[in-house]
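Q: Got a minute to go through a model with me? I'd like to start with the ligands.

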Amino acid sequence: MSRKILIYGNPILKQKSLPLEADTAQLRGFIDELAETLYRSDEGIGLAAPQVGELVRALVVDIDHISRDKRTNPKRRLQVFINPEIVWESEDDISYNEGCLSVPGIDGKIYRPQSLILRFRDLNFKEREIEADGLLARVLQHEIDHLNGTLFVDRLSFAQRALLVGKLRNLRHEALKQDKNGAVENPDAPIL
Ligand code: QAP
Ligand code: CO
């Protein structure tokens with residue numbers, strides 16, 4: 001079953017997620033739902049648990065999901081990361097244009113380290129470590145931000161954000177419509 005993706009303005013996206021304790025049947029079921037939600041999106045390459053309303057430290061990535069031609073190459077390349085921790089990052093910050101399924105229609109240039117070493121658990125709860133750079137390192141940092149309640153728009157400069165105020169306000173109204181009984185923040189509160 002695919003889940004509803006929470007939109008900018010929903011306060012769940014600002015909360016910190018909790019570590020997962022063990023490999024359980026529920027965890028596998030949930031990761032399947034997270035993956036299905038990512039693949040349903042057609043335009044997503046990464047999705048973190050809080051984006052579907054679960055405040056747990058899990059995320060899924062498929063960095064070729066958008067670029068792959070599904071007719072000639074239908075094979076999915078899903079990567080699952082549970083309780084991810086960045087144990088090393090490079091000193092060099094590079095800029096990259098980021099987007100987010102929870103902030104549809106908006107993108108922005110963000111500086112982040114080019115490469116990193118990540119420690120995490122796989123679906124069997126086995127501890128693993130990978131070195132990542134390029135797009136994978138970028139998406140991992142973006143998704144780990146979600147686990148800590150940070151969105152890429154929170155990392156934009158004041159001037160960059162000022163240009164997006166109108167669009168962000170519209171998204172916040174969408175979040176309110178999406179979650180009528182939920183505690184969505186006041187959609188008319190100032191954004192800057
Ligand atoms: C994170 O984001 C990411 O605005 C994953 O209208 C992406 O998959 C990190 C998406 C790029 C770094 C670089 C965005 C879909 C998907 C949109 C996504 C949209 C539809 C974003
Ligand atoms: Co995102």
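Q: Which pocket does ligand 1 take up?
A: The largest pocket is the space taken by ligand 1. A pocket here is an open set of points on a 1 Å grid over the protein atoms alone, with protein on both sides within 12 Å along at least five of seven lines. This is a predicted model, where local features need pLDDT of at least 70, side-chain atom pairs count only at pLDDT 80 or more, and totals for chains, interfaces and linings use all residues. Residues are numbered from 1 along each chain as its sequence is written, ligands are numbered from 1 in the order in which they are written, and side-chain values use heavy atoms, without hydrogens and water.

Q: How many residues surround ligand 1?
A: 18 residues, each with a heavy atom within 4 Å. The closest are E43, G44, I45, G99 and G105.

Q: What backbone atoms lie by an oxygen atom of ligand 1?
A: A backbone N or O atom of I45 lies 2.8 Å from one. For G105 the distance is 2.9 Å. For G99 it is 3.3 Å.

Q: And what does the shell divide into?
A: 8 nonpolar, 6 polar and 4 charged residues. Gly counts as polar, and Asp, Glu, Lys and Arg as charged.

Q: Which element gives the largest share of the shell?
A: Helix α2, with 4 residues. Both β4 (93-98) and α2 (134-147) supply at least two. Helices are DSSP runs of H or I with at least four residues, strands E runs with at least two.

Q: New topic. What are the protein donors of the cobalt ion?
A: C100 (SG), H142 (NE2) and H146 (NE2), at 2.1 to 2.2 Å from ligand 2. Donors are N, O and S atoms within 2.8 Å of the metal (3.2 Å for Na, K and Ca).

Q: What do C100 and H146 tie together?
A: C100 is in the loop between β4 and β5 (108-113) and H146 is in α2, so the pair ties together parts 46 residues apart in sequence.

Definitions and conventions
A polar contact is a pair of N or O atoms within 3.5 Å; within protein, one must be able to donate a hydrogen and the other to accept it, and residues adjacent in sequence count only if both atoms are side-chain atoms. On a 1 Å grid over the protein atoms alone, a cavity is a set of points where a 1.4 Å probe fits but cannot get out, and a pocket is an open set with protein on both sides within 12 Å along at least five of seven lines; lining residues have an atom within 4 Å of a point. A molecule sits in a cavity or pocket if more than half of its atoms lie within 2 Å of its grid points.
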